[in-house]
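Here are some short exercises for getting to know a new structure. Try each task yourself before you read the solution.

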Amino acid sequence: MSTHQANELYEPHRVSGGLLDPRQLLAAFPDAIRKLDPRVMVRHPVMFVVEVGSLLTTYSAIRHSSAFAWVITVWLWLTVVFANLAEAVAEGRGKAQAETLRRTRTEAVARRVVGDWRPGAVRPTEEEVPAAELRLGDHVVVEAGELIPGDGDVVEGAASVDESAITGESAPVIRESGGDRSAVTGGTRVLSDRIVVKITSKPGETFIDRMIALVEGAARQKTPNEIALNILLAALTIVFLLAVVTLQPMAAYAGAEQTIVVLVALLVALIPTTIGALLSAIGIAGMDRLVQRNVLAMSGRAVEAAGDVSTLLLDKTGTITFGNRQAAEFTPVGGTDVNLLADAAQLSSLADETPEGRSIVVLAKEKYGLRARAQHEIGHAQWIEFTAQTRMSGADLSEDGGSRQIRKGAAGSVVGWVEENGGQAGPEVAAVVEGISSAGGTPLVVAVHQSGEPARVLGVIHLKDVVKHGIRERFEDLRTMGIRTVMITGDNPLTARAIADEAGVDDFLAEATPEDKMALIRQEQGGGKLVAMTGDGTNDAPALAQADVGVAMNTGTSAAKEAGNMVDLDSNPTKLIEIVEIGKQLLITRGALTTFSIANDVAKYFAIIPAMFASVYPGLRHLNIMALHSPRSAITSAIVFNALIIVGLIPLALRGVRYKPSSASDLLRRNLTVYGAGGLVLPFVGIKLIDLVVQFIPGLH
Amino acid sequence: MNPTLAGFLQALALVAALALSHRPLGDYLAHTLTSAKHLRVERGVYRLIGVNGDSEQTWSSYLRSVLAFSAVSVLFLYAFLRLQNHLWLSLGFPAVKPATAWNTAASFVTNTNWQSYSGESAMGHLVQMAGLAVQNFLSAAVGIAVLAALIRGFRRNLTDRVGNFWVDLVRVTWRVLLPASVVLAIVFVAAGMVENLHAAAQVTTLSGGGQSIPGGPVASQEVIKELGTNGGGFYNANSAHPFENPNPLTNWLEVYLLLVISFSLPRTFGTMVGDHRQGYAIVAVMALFWVASAALLTYFEWQHSGTALQAAGAATEGKEVRFGIAGSALFASSTTLTSTGAVNAAHDSLTPLGGGVAVFDMMLGEIAPGGTGSGLYGMLVLAVVAVFVAGLMVGRTPEYLGKKLGGREIKFASLYILTTPAVVLIGTGVAMTFRSERAAILNSGPHGFSEVLYAFTSCANNNGSAFAGLTVTSTWWNTALGLVMLFGRLLPMVFVLALAGSLAQQHPVPVTAGTLPTHRPLFVGMLSGVVLIVVGLTYFPALALGPLAEGLH
């Protein structure tokens with residue numbers, strides 16, 4: 001992972017989706033109209049009731065035509081259309097993405113190996129078949145420039161593959177047989193070399209197919225929490241339906257029989273239309289926010305589970321520390337000036353292309369102001385590259401009247417080199433090396449051999465795992481959210497503890513085997529906790545399947561991708577934290593809008609009830625605390641507000657409410673204030689404002 | 001002492017007494033419901049009815065026991081009433097008419113104690129003692145038993161057992177209700193209540209007129225009438241009758257008794273789930289509504305604007321002078337908030353808004369503090385709804401007391417909150433539709449409507465108090481209200497027990513910083529809001545046509 005990404009991730013941020021473009025609303029309009037089909041509407045019980053109500057008022061308005069009846073009728077239909085619009089806009093974003101994906105899915109031709117393929121088979125017989133005819137277990141040959149015809153694992157060879165079609169990342173990646181980087185995805189292109197791929201998916205069920213289905217929402221099912229909320233909303237709708245239906249005989253007794261239009265208006269105002277209209281859009285947008293972060297959730301259930309996670313298993317490498325060890329400190333020995341050591345360390349590392357080598361150059365530059373010189377800038381230099389045999393890198397510099405040889409490398413190798421060249425390492429070096437090793441770091445010794453002098457050790461470079469900047473604060477946030485972090489590492493317990501302390505994780509699992517990981521997940525789940533983890537290897541697959549939220553890296557094996565319930569196309573394990581936040585944000589948005597919707601009722605009662613009955617019971621005028629102009633304007637205002645608030649909240653539904661990691665009490669206090677108290681007050685203001693306009697419309701005053 | 005101060009001190013003494021009994025009574029009830037030991041008498045009863053006191057039931061088996069027990073109770077009581085003229089101590093009264101007998105049987109079995117008869121002119125002493133009073137004990141115990149099953153659902157994990165109905169029923173009756181009733185009956189007799197088996201004495205008054213002075217085993221029945229939140233009076237005048245409620249002291253004691261179990265049960269809940277703070281949060285919500293209701297009702301009775309009432313200084317019509325405004329208002333709000341339904345004043349004569357408070361109290365679903373057991377289980381169901389909505393706002397799928405609230409739990413909670421409003425509104429709507437049934441209404445205009453609304457609200461919520469003014473002795477009213485009482489009692493029990501079963505099966509979720517705290521003031525406020533908006537406001541249109549139309553000028 002690049003440093004750039006790391007910075008972006010750890011800055012204080014707000015989980016958010018893209019902004020809503022008004023053009024999206026327009027584009028989604030035809031879909032919104034199409035969704036008026038009662039067979040579609042019936043899946044949203046609250047809005048279905050509104051649609052039936054709209055039909056009733058339409059009938060009534062036709063029979064007893066009046067400006068008031070038509071205005072109410074139009075706004076009731078608009079209420080339904082706005083609700084559909086919310087869903088259509090949310091789906092529209094996914095559709096655009098699916099379109100892009102579909103363009104990349106070309107009808108490839110596969111070179112299938114005839115008969116059984118055996119490892120090492122030279123030039124097996126091939127036949128050309130359409131990709132759609134590939135079956136599980138087939139072997140296909142793919143060479144440079146060809147598209148991989150289906151999902152599978154590389155069983156022979158290695159190749160660089162362009163996966164930009166699915167990840168959007170243009171840099172090619174290496175895929176090779178064996179190990180954890182063997183999975184290839186259908187529709188991606190081999191750029192070099194030749195590989196043999198064993199097909200692991202049926203046609204029509206490839207990764208890209210599933211991706212298209214997911215982002216399009218075709219595979220969308222209501223999630224458990226969505227179902228529960230729908231039940232509650234349906235119950236509230238029935239209660240209000242009863243309240244309104246039984247109101248008519250009561251009103252008749254009072255001598256104030258109401259028209260169908262008014263009764264339907266009261267019903268629509270009372271039932272929780274705001275949340276009913278936005279509920280499915282919230283769910284789709286939640287999935288969409290993940291897709292925008294290049295994470296594919298295989299089900300909405302997984303996104304919800306992410307919000308509930310109470311234990312995060314985080315791989316040390318790549319999540320908590322950078323992938324490679326980095327130079328952290330130069331320790332001079334024998335009275336050497338530290339600047340001299342830094343200079344020598346940098347020179348000796350210029351030819352070292354490993355990440356460790358580069359980190360030495362960077363440290364010398366950042367801490368000691370030594371500009372990283374390019375190799376060609378230094379004349380008369382012979383560069384010694386790092387090899388596994390010498391375990392050293394360095395440079396031989398010919399300078400005025402002499403030569404200078406600098407070496408840097410593993411302690412044993414460099415000390416040996418010093419002794420070969422007449423020098424002595426001394427006990428001080430051994431002590432420093434020992435100290436670094438015992439702290440979990442890697443010591444690299446730097447030595448110099450000036451012509452005419454015995455070689456001597458200048459000092460030691462301390463390579464260590466560098467904990468990512470800002471991760472400690474992130475774990476702090478997680479703790480306030482009630483989430484425990486456990487670091488998983490193959491390091492020995494000593495090293496693991498040092499890093500765990502530095503990063504501030506709650507616990508760690510050292511020398512972890514896949515079995516240990518599995519046992520840990522089971523143990524946590526046994527205590528009723530939900531566990532999230534990331535993984536990429538085949539041996540991670542059982543744990544990924546066991547975890548409640550298992551995020552597979554796209555670079556991983558297909559077994560891992562199959563086992564997890566999410567796939568991160570960027571293969572960035574840190575994203576797990578973001579996934580949890582998105583899950584929480586999704587649930588909060590649902591709860592906030594439900595609260596808002598229910599709290600809205602209070603104002604609507606005060607608008608509509610006096611309007612209905614003040615003519616027979618003048619005392620009820622006291623309930624008209626908003627001082628609305630007339631019964632008709634009051635009812636119209638309530639209905640207009642009810643419809644407009646849906647449109648007004650579409651951006652919030654798509655973006656999700658503001659979420660800052662904090663404790664449950666703080667979150668509740670904040671959201672209850674904003675959406676509960678706000679939901680009580682806002683409609684009073686809104687209805688009054690609309691009334692100020694509506695009262696001038698002829699036929700409504 | 002001026003009446004305002006006297007009223008205030010009465011209420012204060014009540015709060016203090018309730019607070020003092022909260023812990024010991026709550027813990028004793030918890031012990032009763034959880035103890036592993038059976039008493040010898042109890043073992044005898046189990047042998048007699050053929051149940052194994054050590055086995056436990058699934059929620060559906062528990063429910064079947066509740067329903068079967070209720071059905072048998074209704075049939076038994078119905079037969080008793082129909083045959084009373086053949087039994088001892090009938091005082092010469094004829095058999096109770098079928099419709100009235102059905103209504104009364106349903107009423108007493110459901111802890112409603114709606115009375116479409118006058119005790120002193122229809123019921124013999126044996127029916128009162130062995131028929132009606134027995135149900136006063138048992139129906140109160142059934143409520144607590146169902147509550148116990150729900151609490152076990154919260155408390156237990158990975159089991160399908162929610163307790164044994166028969167054990168709960170017998171223990172609550174034998175260990176709690178009976179001993180308390182015996183002791184307190186003596187106190188009541190000492191305070192001036194009658195307790196005899198005399199028939200009515202016919203006397204000639206000083207002015208020469210004839211008067212019938214009834215006797216009866218009143219004190220012994222009075223305790224359980226209040227303690228079990230029953231409310232069925234021995235006499236027609238209920239607690240306004242001088243033999244049933246002779247003086248301010250007995251009046252205060254009656255109010256205390258009808259509140260004490262329901263206000264102590266949250267402690268039982270806290271003790272049984274192992275977290276007293278949860279109980280305190282619930283009792284805080286209950287207290288909030290009770291204090292607000294009592295304050296409002298008293299205020300409206302003092303502040304009436306009619307000419308005569310202004311002259312009298314308050315709305316004294318229909319109130320007993322010996323209790324005064326404060327004693328009557330406190331009684332009225334306590335009896336309507338607890339599903340008791342005993343009255344010491346004519347609720348029909350409350351001021352329109354005061355009567356509105358009384359009917360709104362019942363509309364809240366009898367949960368603050370509500371009937372014995374039924375009040376707390378109702379409040380817990382609403383807590384489930386509140387947690388569901390609030391829990392989402394903290395970014396987790398909601399959980400209450402370590403139990404996840406998923407589709408199943410919300411389904412049962414939703415059905416629960418749907419039932420009573422449906423019964424009230426449909427009942428009222430139907431009654432208002434039929435011209436012939438409307439004839440039963442005494443007053444015209446909104447007050448007449450309030451009478452009907454009050455009757456259905458009272459019966460569906462198993463309160464049992466009446467607004468009077470409505471003649472409910474016809475077959476239609478007796479039958480309809482009998483059905484309403486049974487639906488309003490048994491359907492919610494079905495959903496509560498189903499909820500209990502579904503909770504008990506779950507694996508608990510551990511509490512973390514990310515868990516919604518359900519014991520803080522914030523949650524108390526949230527739950528109160530849900531009670532008010534989700535339950536109370538449903539009736540707003542109906543209230544507007546009755547008490548509000550009449551009371552706002």
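## Exercises on a predicted model

**Exercise 1. Decide whether A:L680 is buried, partly exposed or exposed, and find the surface patch that it helps to make.**

Step 1. Keep in mind that this is a predicted model. The relative accessibility of A:L680 is 33%. Buried would require under 20% and exposed over 50%, so A:L680 counts as partly exposed.

Step 2. Next, place the residue: A:L680 belongs to helix α25 of chain A, which covers residues 664-694.

Step 3. Now look at its partners. Together with A:V681, A:V685, A:L689, A:L692 and A:V693, A:L680 makes a nonpolar surface patch of about 500 Å².

**Exercise 2. Describe the contact between chain A and chain B: how many residues take part, and how much area do the chains bury between them?**

Step 1. Start with the residues: chain A gives 60 and chain B gives 61.

Step 2. Turn to the area. The two chains bury about 5000 Å² between them, and 78% of this is on carbon and sulfur atoms. Of the area that chain A buries against chain B, 15% is supplied by A:M250, A:Y253 and A:L668, more than by any other three residues.

Step 3. Look for charged and polar links. The rule finds one salt bridge across this interface. In the salt bridge between A:D308 and B:K404, the closest N and O atoms are 3.3 Å apart. The interface also has 12 residue pairs in polar contact.

Step 4. Ask which elements of chain A touch chain B. Helices that each supply at least two residues include α8 (224-245), α12 (300-308) and α25. The largest share of this side of chain A, 14 residues, comes from α23(A).

**Exercise 3. Work out the surroundings of A:K517.**

Step 1. A:K517 sits in helix α20 of chain A. With a relative accessible area of 6%, A:K517 is buried.

Step 2. Leaving aside neighbours within four places in sequence, the residues in contact with A:K517 are A:D315, A:I488, A:L509, A:M533, A:T534 and A:D540.

Step 3. Pick out A:D540: its side chain and that of A:K517 are joined by a polar contact of 3.1 Å.

**Exercise 4. Explain which parts of chain A are tied together by the salt bridge of A:R111 and A:E143.**

Step 1. Check the distance: the closest N and O atoms of A:R111 and A:E143 are 3.0 Å apart. A salt bridge needs them within 4 Å, so the pair qualifies.

Step 2. A:R111 is in strand β1 (residues 109-113) and A:E143 is in strand β3 (residues 139-143), so the bridge ties together parts of chain A that are 32 residues apart in sequence.

Step 3. Compare the two ends. A:R111 is buried at 15% relative accessibility, whereas A:E143 is partly exposed at 26%.

**Exercise 5. Find out where the cis peptide bond of B:P369 lies, and which residue comes before it in that bond.**

Step 1. The bond runs from B:A368 to B:P369, with omega near 0°.

Step 2. B:P369 lies in the loop between α13 (352-363) and α14 (374-392) of chain B.

How values were computed
Residues are numbered from 1 along each chain as its sequence is written. Chains are lettered from A and ligands numbered from 1 in the order in which they are written. This is a predicted model: local features need pLDDT of at least 70, side-chain atom pairs count only at pLDDT 80 or more; totals for chains, interfaces and linings use all residues. Side-chain values use heavy atoms; hydrogens and water are left out. Patches are made of residues with over 30% relative accessible area and no salt bridge: like charges are joined within 9 Å, nonpolar side chains (Val, Leu, Ile, Met, Phe, Trp, Tyr) within 5 Å. Accessible areas come from the Shrake-Rupley method with a 1.4 Å probe; for residues, only the protein chains shown count as cover. A salt bridge is a side-chain nitrogen of Lys or Arg within 4 Å of a carboxyl oxygen of Asp or Glu. Helices (H or I, at least four residues) and strands (E, at least two) are DSSP runs, numbered from the N terminus. Buried means under 20% relative accessible area, exposed over 50%, partly exposed in between (1.4 Å probe, protein chains only). Contact means heavy atoms within 4.5 Å. Buried area is the accessible area (1.4 Å probe) that two parts lose on being put together, summed over both. A polar contact is a pair of N or O atoms within 3.5 Å; within protein, one must be able to donate a hydrogen and the other to accept it, and residues adjacent in sequence count only if both atoms are side-chain atoms.
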